[in-house]
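Please walk through the structure shown here, beginning with its nonpolar interior and moving on to its helices, strands and cysteines.

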Amino acid sequence: MNKKVYKTLEYNKILDTLANYAASSDAKKRCLSIKPLTDIDKINYLLETTNDALNRIFKDSRLSFVGVSNINGSLKRIEIGGSLNTIELLKISSLLEVAKRAKSYSRSESNTGDDSLTPLFDSLEPLTNLSDEIKRCIISENEIADDASSTLSSIRKKIRGMNDRIHAQLMTIMNNSTTRSYLQDAVVTMRDGRYCLPVKAEHKSQVPGMVHDQSSTGSTLFIEPMAVVNLNNDLKKLFMAEEEEINVILQKLSEEVLSYSVAIATDYKILVELDFIFAKAHLAKDYNGTKPIFNTNGYINILKGRHPLLDQKKVVPINIHIGSDYNQLIVTGPNTGGKTVSLKTVGLLTLMGQAGLLIPASDRSELAIFKEIYADIGDEQSIEQSLSTFSSHMTNIVEILKHADSESLVLFDELCAGTDPTEGAALAIAILNKLLQYGSTTMATTHYSELKVYALTSDNVENACCEFDVETLSPTYRLLIGIPGKSNAFAISSKLGLNDNIIDDARSRLGQQDEAFEDLLADLETSRKTIENERIAIANYKREIKTLKEQLETKKENIDAKKQKIIRDANEEALRILQEAKTLADTTIRNFHKYGKGVAPMAQMERERTALRQKMTDNEKKLSNIKKKKAVNNNVPKNLHIGDKVKVLSMNIIGTVHTLPNARGDLQVQMGILRSNVNISDLVLVKDESTTFGSKPISSGKKHSSGAGKIKMSKSANVSSEINLIGMTTDEALAVLDKYLDDAYIAHLSSVRIVHGKGTGALRKAVQAYLKRQKYIKSYHLGEFGEGDAGVTIAEFD
């Protein structure tokens with residue numbers, strides 16, 4: 001596809017924006033180099049992967065690819081026997097951490113279903129053991145951990161001992177009253193890896209030793225006293241041994257990387273691919289992109305398409321279809337009405353779709369696959385080539401006519417403008433007719449009335465216009481297919497204050513045929529607006545009828561359900577009454593026979609009669625209670641929080657909200673030692689500070705305890721995920737950390753970032769020793785490369 005159209009349709013700007021969403025350098029390069037394809041299977045695969053990535057973003061937020069670096073050069077070096085440095089090893093560890101993060105992302109609960117990205121995620125090998133080993137041995141780019149090997153640990157222990165001996169010796173020298181007067185400053189300094197003393201130049205002979213350096217003024221000499229020369233030599237040897245052991249450690253790590261080089265290279269390739277795909281998905285998310293349907297028969301049907309480079313809050317969507325009933329669309333209308341934007345939208349969305357990008361349009365939009373897209377848009381006047389605007393456009397048109405065919409999309413803006421209108425219109429018709437013979441899909445904008453007539457009288461050609469509101473002198477930017485547009489020059493001029501005499505004079509100079517044609521267009525526009533208003537009214541009526549029908553059906557279903565329930569309840573109640581009556585009759589008959597055999601005990605019969613009367617009275621009371629109208633709670637809480645005080649109306653008890661309401665409004669309320677399930681409709685909020693249980697108020701024990709509880713909960717709900725302890729003493733830091741971890745744990749944070757700095761490492765050790773003792777701390781580790789390294793500890797809650 002010709003690259004000139006990329007600039008004309010601003011396709012390169014889309015790629016520049018896309019590259020900003022990629023994290024790795026190779027993914028950015030891919031974003032800047034993607035080109036439209038013509039293989040429908042490849043296009044559909046690219047669209048599917050991008051759409052699946054977008055769905056994952058909506059389900060499970062963003063997947064970060066920060067930390068993916070090109071490690072291919074490092075892998076090639078170790079393959080030929082080289083050794084990696086700390087920076088390269090940390091980059092490999094960071095890459096494996098991203099692979100681990102991506103693997104976990106693909107297995108999250110919200111991403112349970114398989115899609116086109118599943119094979120990529122499944123192919124990742126995080127190599128956690130290798131990554132952990134690198135992080136264990138290498139603290140930062142410039143620091144190897146003491147416990148990277150037992151040998152290194154032993155050497156560094158000796159170095160620390162040797163340093164102490166040298167300092168002790170130098171301090172003895174400096175504390176000597178005579179020697180102190182020879183020194184420029186009472187400090188120990190280091191030159192070329194050897195400890196020295198700053199001696200005044202005039203006293204250099206008084207301090208025996210080796211001169212290693214002097215100050216810029218020459219007044220100070222840095223002398224290594226003879227008393228520490230041998231100690232410095234030993235220290236130098238220890239430093240050399242340390243360097244050798246570090247090289248051994250790096251070599252071992254490099255050999256371990258070499259054993260997994262194929263898997264690491266594969267991880268890098270997959271992560272770059274995923275970074276590229278998710279960059280396209282994030283771009284689509286920003287302009288609300290959807291997956292278009294592609295066909296190979298030249299049919300375009302864009303639904304509510306929007307130009308992606310315009311403000312998405314202000315741009316007016318357009319509906320446009322071409323390639324089915326007609327192959328050419330002639331768009332007319334006044335200037336600034338949106339004709340050029342419509343033209344560019346069709347071309348740019350086609351380029352984006354064929355490049356595997358989702359397009360800013362509604363679902364079910366259709367695009368055709370074109371082998372070439374040609375566009376002649378904008379003023380391309382060339383002073384250097386002595387070409388006028390018309391000549392420049394005609395040069396482009398000549399090239400287009402040489403190459404256009406049935407698999408081409410051709411876009412013309414103001415076709416053959418810039419020359420004599422009569423000749424320009426005739427030439428434009430001839431060009432369009434030639435493209436019609438080629439079978440090219442063509443869209444052109446124009447002001448020529450002759451082209452409107454051409455579209456009306458020619459097969460396979462259709463008119464369209466960009467709507468313009470003459471009353472407000474503003475375009476609506478709606479594209480209307482099937483209706484030619486008016487330039488509205490007379491109406492606009494009149495609204496802007498041009499004298500009516502001038503307008504009448506201009507109108508009289510129009511040919512009778514031209515005037516009749518403009519009147520016809522005006523009548524068509526009036527009829528269109530009338531039909532449009534009637535269509536909108538009919539659509540509104542249909543919606544209202546549909547809504548009423550649904551409401552009636554719902555009401556009927558509710559009535560039928562209630563009716564069935566009433567009948568069922570009545571039958572059950574009738575059955576119960578009959579059973580009670582039968583039981584009573586059986587009991588009465590048995591008593592009658594029993595008492596009829598002898599003298600009836602009147603007291604016993606009276607007791608049974610009284611019991612029967614009492615049962616009837618109880619039933620009457622139950623019936624009366626059922627008929628009473630249930631009281632309505634008008635103070636149902638709308639926004640409950642855990643810890644809020646509420647009153648349970650049915651129990652007349654005040655308690656504390658223990659859980660938030662579920663979808664049915666049910667929740668748990670703690671009332672003293674009792675915790676009960678209640679419905680939110682049975683609760684009202686209580687604002688007083690005391691707790692009531694039954695009818696007796698019970699003191700809360702601490703004044704304003706409820707208020708303090710709410711403040712604490714509010715604070716914990718807004719607690720930061722990071723705390724900075726730099727500058728604090730160990731005791732101060734642990735006290736602050738203790739309260740911070742309590743707040744973070746109550747706020748249900750999954751992990752926190754503790755910034756303690758590198759320094760001597762004392763604060764770091766104290767923090768990690770404290771974390772080790774806390775039961776609710778699941779794990780902790782030093783920050784990763786690029787996230788603070790040894791100056792940060794990441795703690796995860798259980």
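In this predicted model, the largest nonpolar core comprises 98 residues, and the members that touch the most others in it are V257, I264 and F278. Helix α12 contributes the most to this core, giving 13 residues. The surroundings of I264 can be listed in detail: leaving aside residues up to four places away in sequence, I264 is in contact with I71, L75, I92, L95, L96, L127, L130 and V257. Another core, of 21 residues, lies apart from the largest one, and its members include I397, L432, L451 and A455.

One of the contacts of I264, namely L130, leads to helix α8, which spans residues 128-137 and in which L130, S131, I134 and C137 are buried. When α8 is viewed down its axis, these buried residues fall within an arc of 140°, and therefore they line one face of the helix. Packed against the buried residues of α8 are the helices α6 (86-106), α11 (229-259) and α12 (261-286), together with the strands β1 (138-140) and β2 (143-144).

The strands further along the chain can be taken next. Strand β19, residues 666-671, has two faces, of which the covered one carries L667, V669 and M671, while D666, Q668 and Q670 belong to the uncovered one. Strand β18, residues 653-657, pairs with β19 in the antiparallel sense over two bridges, and across this pairing T656 stands opposite Q670.

An open sheet with mixed pairing is built from four strands in the order β24-β25-β27-β26. Its edge strands, each pairing on one side only, are β24 (722-724) and β26 (777-782), and from one strand to the next the twist averages 20°. Between β26 and β27 (residues 792-797), which run antiparallel, there are five bridges, and within this pairing S779 has E796 in β27 as its bridge partner. Helix α23, residues 762-773, packs on the sheet and touches β25 (751-755), β26 and β27, with its direction making about 160° with that of β26.

What, finally, can be said of the cysteines, and how many disulfides does the structure hold? The structure holds zero disulfides. C31 counts as buried because its relative accessibility is 0%, and C416 likewise counts as buried, its relative accessibility being 5%, since the cut-off for a buried residue is under 20% relative accessible area. C137 in α8 is also among the buried residues.

Methods:
Residues are numbered from 1 along each chain as its sequence is written. This is a predicted model: local features need pLDDT of at least 70, side-chain atom pairs count only at pLDDT 80 or more; totals for chains, interfaces and linings use all residues. Side-chain values use heavy atoms; hydrogens and water are left out. Buried means under 20% relative accessible area, exposed over 50%, partly exposed in between (1.4 Å probe, protein chains only). Two strands pair if DSSP finds at least two bridges between them. Axes are lines fitted to C-alpha atoms, for helices over the stretch in contact, and angles run from 0 to 180 degrees between N-to-C directions. Contact means heavy atoms within 4.5 Å. The arc is that of the directions from the helix axis to the C-beta atoms. A disulfide is a pair of cysteine sulfur atoms within 2.5 Å. A nonpolar core is a set of buried Ala, Val, Leu, Ile, Met, Phe, Trp, Tyr and Cys residues joined through side-chain atoms within 4.5 Å.
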